[in-house]
Amino acid sequence: MTIPYGKHHVTDEDIQAVVDVLRSTNLTQGPKIHEFEAAFADYVGARYAVAVSNGTAALHLSAMSLNIRPGDKVITTPITFIASANCVRYCGGDVVFADIDPDTFLLDIKKVRELLESAPSGTYKGIIPVDFAGYPVNLEEYRKLANEYGLWLIEDACHAPGGYFYDSMGEKQFCGNGRYADIGVFSFHPVKHITSGEGGMITTNDEKLYGRLINLRTHGIQQDRKKLIEDHGPWYYEMQELGFNYRLSDIQAALGISQLKRASKNLERRHQVARSYDEAFRSIPTKTSKIGEDIFHGYHLYVICSDTRDQLFEYLRQSGINVQVHYIPVHYQPYYRNHGWYKRNLPVAEAFYEQCVSIPMYPSLSSDEQDYVIKKILEYFN
Ligand SMILES: Cc1ncc(COP(=O)(O)O)c(C=O)c1O
């Protein structure tokens with residue numbers, strides 16, 4: 001028996017939805033894309049959604065649409081998947097990592113403020129907070145800070161579709177709803193909440209950004225006839241800037257739509273799994289993120305921290321539990337080290353990396369499997 005840390009779940013309905021598209025006339029650029037975008041925008045409460053080929057493409061186009069230029073400085077967290085930082089580099093910008101908060105493991109807004117205060121005005125252009133593990137970032141606070149310094153915000157919400165926080169008005173703010181961040185990005189890689197095989201989504205409430213993202217997704221071709229510079233006839237199109245083919249296919253969108261129907265139910269199940277872990281680990285010396293009353297966690301990951309992480313990791317792997325470490329701090333990566341970030345600059349993130357381990361968390365984890373995971377972890381500590 002091997003129990004992974006995360007796993008997709010595909011039903012007969014999902015398969016049928018894909019087969020229906022395979023039998024239709026549009027394998028790509030057909031109606032399923034708009035249907036998926038509309039359903040997803042509705043799910044997270046955003047005005048616009050743009051489906052793309054993966055979460056990395058979503059980040060890249062977001063960075064482009066916000067006009068990152070060579071030399072622009074952008075702040076993000078080191079405890080994330082490398083793609084959150086790479087999108088800045090694709091546009092030639094410089095990534096500056098700020099440390100994480102020891103309680104939430106999210107980018108520490110106090111550290112971000114310190115960076116902003118210590119640099120000449122105009123040094124930084126934007127911030128990319130990440131809803132790490134599914135923990136919703138308080139974007140209202142980030143918006144205030146961003147406004148003070150004239151910065152944009154991209155919310156990397158790849159871990160948190162369906163998660164939310166309550167803002168100071170007591171209103172529920174779903175991750176990626178575009179209320180406080182300019183743009184939200186999601187991934188539909190199989191290990192995420194919903195999957196389309198590979199896939200991603202960009203959400204925004206800004207009509208201009210939306211128009212630009214739609215064009216950038218297809219080579220930078222202007223899709224709105226009213227905005228053409230010239231018009232030679234019905235065959236005519238114009239590439240007005242340099243974009244990419246980052247489209248999602250209708251085959252993938254059909255799977256995404258079908259999966260999205262179960263997203264709320266599955267998120268409830270993730271919460272059940274988390275509650276059982278919380279309960280079981282009360283008496284052992286592990287640490288998890290402190291979860292405030294004002295958030296509804298996305299639980300992409302369930303991370304525990306232990307002083308003997310390496311031995312715990314080994315013990316669980318040998319017991320058939322395929323735990324994982326999320327994440328190697330991005331500034332440890334040789335590529336980023338070569339760009340000026342050396343080891344031992346961000347003590348909280350670095351200590352977290354020494355201790356963290358992600359244990360199985362997915363809706364189809366059976367009670368027997370979870371009992372086994374709990375038993376093995378308790379056994380290790382006793
Ligand atoms: C936080 C975060 N951002 C971005 C991505 C990139 O998404 P994708 O793998 O779909 O390109 C991932 C996926 O692993 C992620 O976890």
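The chat below goes through the ligand site, some salt bridges, one helix and a few unusual backbone angles of a predicted model.

Reader: Before I look at anything, what kind of model is this?

Author: It is a predicted model, in which local features need pLDDT of at least 70, side-chain atom pairs count only at pLDDT 80 or more, and totals for chains, interfaces and linings use all residues. Residues are numbered from 1 along each chain as its sequence is written, and side-chain values use heavy atoms, with hydrogens and water left out.

Reader: Fine. Which residues come nearest to the ligand?

Author: There are 16 residues around the ligand, and those that come nearest are Gly55, Thr56, Asp156, His159 and Ser187; a residue is near a molecule if one of its heavy atoms lies within 4 Å of it.

Reader: And what polar contacts does the ligand have with Gly55, Thr56 and Tyr327?

Author: Taking a polar contact as a pair of N or O atoms within 3.5 Å (within protein, one must be able to donate a hydrogen and the other to accept it, and residues adjacent in sequence count only if both atoms are side-chain atoms), Gly55 places a backbone N or O atom 2.8 Å from an oxygen atom of the ligand. For Thr56, a polar side-chain atom lies 2.5 Å from a ligand oxygen atom, while for Tyr327 an N or O atom in the side chain is 3.3 Å from an oxygen atom of the ligand.

Reader: How much of the ligand does the protein bury?

Author: The protein buries 91% of the 390 Å² that the ligand exposes when taken alone, with accessible areas from the Shrake-Rupley method with a 1.4 Å probe and, for residues, only the protein chains shown counted as cover.

Reader: Which elements give two or more residues to that shell?

Author: Those are α3 (55–65) and α4 (83–90), and α3 gives the most, with three residues; helices (H or I, at least four residues) and strands (E, at least two) are DSSP runs numbered from the N terminus.

Reader: What is the shell like by class?

Author: It has six nonpolar, eight polar and two charged residues, where Ala, Val, Leu, Ile, Met, Phe, Trp, Tyr, Cys and Pro count as nonpolar, Asp, Glu, Lys and Arg as charged, and the others, Gly among them, as polar.

Reader: Changing topic, how many salt bridges are there in the whole structure?

Author: A search finds 17, a salt bridge being a side-chain nitrogen of Lys or Arg within 4 Å of a carboxyl oxygen of Asp or Glu. One of them joins the side chains of Lys32 and Glu35, at 3.1 Å from N to O.

Reader: Why might Lys32 and Glu35 be well placed along the helix?

Author: Lys32 and Glu35 are three residues apart in helix α2 (residues 31–44), and so are separated by about one helical turn. An α-helix has 3.6 residues a turn, so residues three or four places apart point the same way.

Reader: Are those two buried, exposed or in between, and what are the values for Lys32 and Glu35?

Author: Lys32 is partly exposed, at 26% relative accessible area, and Glu35 is also partly exposed, at 38%; buried means under 20%, exposed over 50%, and partly exposed in between (1.4 Å probe, protein chains only).

Reader: What about Lys73 and Asp94?

Author: Their side chains meet in a salt bridge of 3.7 Å, N to O. This pair links distant parts of the chain, with Lys73 in strand β3 (residues 73–76) and Asp94 in strand β4 (residues 94–97), 21 residues apart. Lys73 and Asp94 are also linked with Arg89 in a network of salt bridges.

Reader: Now α6: which of its residues are buried, and what covers them?

Author: In α6 (residues 139–149), the buried residues are Leu139, Glu140, Tyr142, Arg143, Leu145 and Ala146. Their cover includes α5 (109–117), β5 (124–128), β6 (152–156) and β7 (164–166).

Reader: And what happens at the start and just after the helix?

Author: At the start of α6, a side-chain oxygen of Asn138 reaches to within 3.1 Å of the backbone nitrogen of Glu140, and the helix is followed by Gly150, which has a positive phi near 65 degrees.

Reader: Where else should I check the backbone, for instance around Tyr327, Phe105 and Ala133?

Author: Most residues other than glycine have a negative phi, and most peptide bonds are trans. His326 and Tyr327 are joined by a cis peptide bond, with omega about 5 degrees, and Tyr327 sits in the loop between β13 (321–322) and α11 (334–338). Phe105 is not a glycine, yet its phi is positive at about 65 degrees; Phe105 lies in the loop between β4 and α5 and is buried at 4% relative accessibility. Ala133, likewise not a glycine, has a positive phi of about 70 degrees, lies in the loop between β5 and α6 and is buried at 7%.

Note on methods:
Contact = heavy atoms within 4.5 Å.
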